Structure formats: structure tokens, C-alpha cells
Amino acid sequence: MMMPELPEDLLVEILCRVPATSLKRLRSTCKLWNHLYNDKRFKSKHCHKAPRQSLILMWKNFGFSSISINLQRVSPIEVTGELNLIDHHSSLGMFRNSPLCQTSGLLLCVNVEKINTRLVVWNPCTGKTKWIQHRRMGYICNYALGSYQDKKSGNNSYKILSHGIYGGQEFEIYEINSNSWRILDVTVDSSLYIENVSLKGKTYWFATDGNDKPCDLFLICFDYTTERFERLCLPYQIPYFRNTSLSVVKEEKLSVLLQPSLTSKTQIWVTNKIGEAKVLSWIKFLTVDLKPEIKYGIKFLVDEENKVLVYEQNFVINGKNNMIYVVGEDNEVREVVFRVGLKPLFFYYVPSLTQIQQGND
């Protein structure tokens, strides 16, 4: 029996268990398979049953490349695929030096040009996009993307949170379902760092109380369902952290990099799986001596299986740029040099068939 001759309900049960990237290639098999690929109910079922493939994406030229890391090779990082924005409005080139947020298979790219701020929500797997204009001109904001369960449809829906970087802590919410911005009625006494990561629909930042206390660094989390903030503890607290950074492990866990003052010794901590327990707990993943010396910032990923830390610095050091560093339990740091056009801005991305609501449709 040929696959297209299978009963449709059985075919749906089979295909909803196929990874999103493979299903994308299979859609050209026949009209029925292509129809399923675009069906909202099938996408929702696929989201719950398909295995999660975690890719590492890195900026390259005017798009993203998926990469693999293999420490057994002389060149441990290999480009394995390309993801480019296919849209008549513009290209990803306009976003190359702009903030980037991601959650549930969607990316939010932000471009600020003079007084205009343009945002695009993009699903690289399906190619679908939604362009958004911020309603406030000339207002420099920090943005975050998260999800919540819509009570009417039972499906995941998405919101964008923004707040001014300068001049106060006013928060605004953009609801993709209703295509509208509104001011959020919350008061936050803490000062949020610009860097944020989204996981399981929520967004996390480092934050301080802003009152010059010696031990005031913590995490703060925003829940897009309740539209409220929650304060979370770090693994430990000391008077001053020289460097801090947040990362996500395969859309399952949070990870923090903490470097105390006056030392190059850096600790990487990983949480339990978010959503599986009510209490957030931390496990020390790795302690390494990071060299060259970190001065202004670091972006990182962890590979739990190989006990490896991959990191990059967002500035030029010793005349070198476009560098990625790989270090494991042996504490031996390996440098990976990238040619011009490659930017070591990288993160975990899990492809999905997530639907982008276009408004009241």
C-alpha cells in the first residue's frame, strides 16, 4: 500500500509525529500532505506530538545558518543549513545589528531606524511573517516575545512586551490576535537588564533593586497569561558579579553564567526542566577559567551531552573579532575564527509549525 492510500486519520497520526524540518520537505509529496501542512488543527496536533529538534542558529550575511559542533574535528563548528527571510517587505539585512527574541519556534526581529521601529515575527520553518509598527515614534524600547493559551481556541497565542530603556519603566503589550498595543497596568520597582530570554512562553531577565545594595542581583520573570512579574533567585549570591549572562537549553531549561569579581573562574548553572516542578532548582553544570579575559559581556550555549560550553564576546578583543570559543571539562579553550560576513550571535532554535496570527481571522 502506498502512503497516499492510507486512511486520512491514520496519515495524520503518522505525520504529526514527523519532525517539523522533515515535514517541510515532505509537503511537496502530494496535495493532501501539503494541505495538512497548512491546516491549523494539524499544526496544533503536531506541536504536541512531534519530537523536538534543537538547532543552533548563527547570524551569517543576511540570514541565519544552522551549525553543528563536534569537538573531535580540527574545525569543530560546521554550517549545516541556511534560513533566510523570504518576504517582499525587506530582508534580514536590516536586522543584523538589532535585538532578537525567540520562543516556540518564532523569532522576533527588531529594527530601529531614526524615529521608526519595525518588528517582524517570523517562523523560519514555515516562512510565515507578521510585520508590526510600534505605535510610539522615537521611543527606544526593549522587546520580548512570549506565549499564552487562548481560552477561546485553546491554542497558543502570542504577545510582545515592550518597555522604555530610558525614562521610566512603562510597559506596553502587543496582542498578535487583536493587532493592537495597550499600556500594561503594572509597576516594577526593579531595574531590568536589556538582555532577555524566553522559555515555555515566559520571559526572563536579570534585574536589580536599583538601590545600590551589594547583593541585589536576581532573575525576574514575566507571565504572558497573568501579565504579571515574578521574582526568582539565582543559584547563589555574592556582593558583586563581574559578568552575567542568560541562555536557554533546548527550550527545556534556563542556564546562567556567573563570574564573580576579581577572578576568571566562571560557573555555569542549569535549572531543572521548566514547567515540570513548582520550585525552580539549580545544578552546577561546569566551572571553567575563561580566557581571553572577559571584560564587557558574553553570549553562551551549553551542550549537556558533551559537557561543553560554547561562548562568544560581543566586542573586539586584541584586534580579533568574529570569534567563538569552545571549552569543556578539561578547561582547554579552543578558538574558532569566522570569516567576514559571519557574526557569532547564536542561540538554540527548535523548528515548529507554530501559527502566526494575522489579526482577527
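Me: At what angle do α1 and helix α4 (residues 40-49) pack, and how far apart are their axes?
Reply: This is a predicted model. In the model, α1 and α4 pack at an angle of about 45°, and their axes lie 9 Å apart.

Me: What makes α1 and α4 oblique to each other?
Reply: Their angle is about 45°. Roughly parallel needs an angle under 35 degrees, and roughly perpendicular runs from 65 to 115. About 45° fits neither class, so α1 and α4 are oblique.

Me: Which residues make the contact between α1 and α4?
Reply: From α1 come V12, E13 and L15. From α4 come F42, K45, H46 and K49.

Me: Why is α1 called oblique to α3?
Reply: Helix α1 (residues 8-15) and helix α3 (residues 31-38) pack at about 60°, with axes 12 Å apart. The roughly perpendicular class begins at 65 degrees, and roughly parallel ends at 35. About 60° lies between those limits, so the pair is oblique.

Me: Which residues touch between α1 and α3, and what is the hand of the crossing?
Reply: E8, L11, V12 and L15 of α1 meet L32, W33 and L36 of α3. The crossing is right-handed.

Me: How do you know that F222 and Y224 pair, and what is the pair called?
Reply: Ring centres must lie within 6.5 Å, and planes over 60 degrees apart count as edge-to-face. F222 and Y224 have centres 4.8 Å apart and planes at 90°, so the pair is edge-to-face.

Me: Why is the pair of F222 and F229 called tilted?
Reply: Their ring centres are 4.8 Å apart, and their planes meet at 55°. Stacked needs under 30 degrees and edge-to-face over 60. An angle of 55° meets neither limit, so this pair is tilted.

Me: Are F222 and Y224 buried or exposed?
Reply: The cut-off for buried is under 20% relative accessible area. F222 has 0%, so F222 is buried. Y224 also has 0% and counts as buried.

Me: Which aromatic cluster holds F222 and Y224, and how many aromatic pairs are counted?
Reply: F171, W205, F222, Y224 and F229 form one cluster. The count is eight aromatic pairs.

Me: What charges sit over rings?
Reply: K159 has its charged end over the ring of Y148, 4.3 Å from the centre. R231 lies over the face of F218, 3.6 Å from the ring centre. The distance cut-off is 6 Å, so 4.3 Å and 3.6 Å both satisfy that limit.

How values were computed: Residues are numbered from 1 along each chain as its sequence is written. This is a predicted model: local features need pLDDT of at least 70, side-chain atom pairs count only at pLDDT 80 or more; totals for chains, interfaces and linings use all residues. Side-chain values use heavy atoms; hydrogens and water are left out. Rings of Phe, Tyr and Trp (its six-membered ring) pair if their centres lie within 6.5 Å; planes under 30 degrees apart count as stacked, over 60 as edge-to-face and the rest as tilted. Buried means under 20% relative accessible area, exposed over 50%, partly exposed in between (1.4 Å probe, protein chains only). A charge sits over a ring if NZ of Lys or CZ of Arg is within 6 Å of the ring centre and within 35 degrees of the ring normal. Axes are lines fitted to C-alpha atoms, for helices over the stretch in contact, and angles run from 0 to 180 degrees between N-to-C directions. Helices (H or I, at least four residues) and strands (E, at least two) are DSSP runs, numbered from the N terminus. Angles under 35 degrees count as roughly parallel, over 145 as roughly antiparallel, 65 to 115 as roughly perpendicular and the rest as oblique. A crossing is left-handed if the near helix is turned anticlockwise from the far one by less than a right angle, and right-handed if clockwise. Contact means heavy atoms within 4.5 Å.
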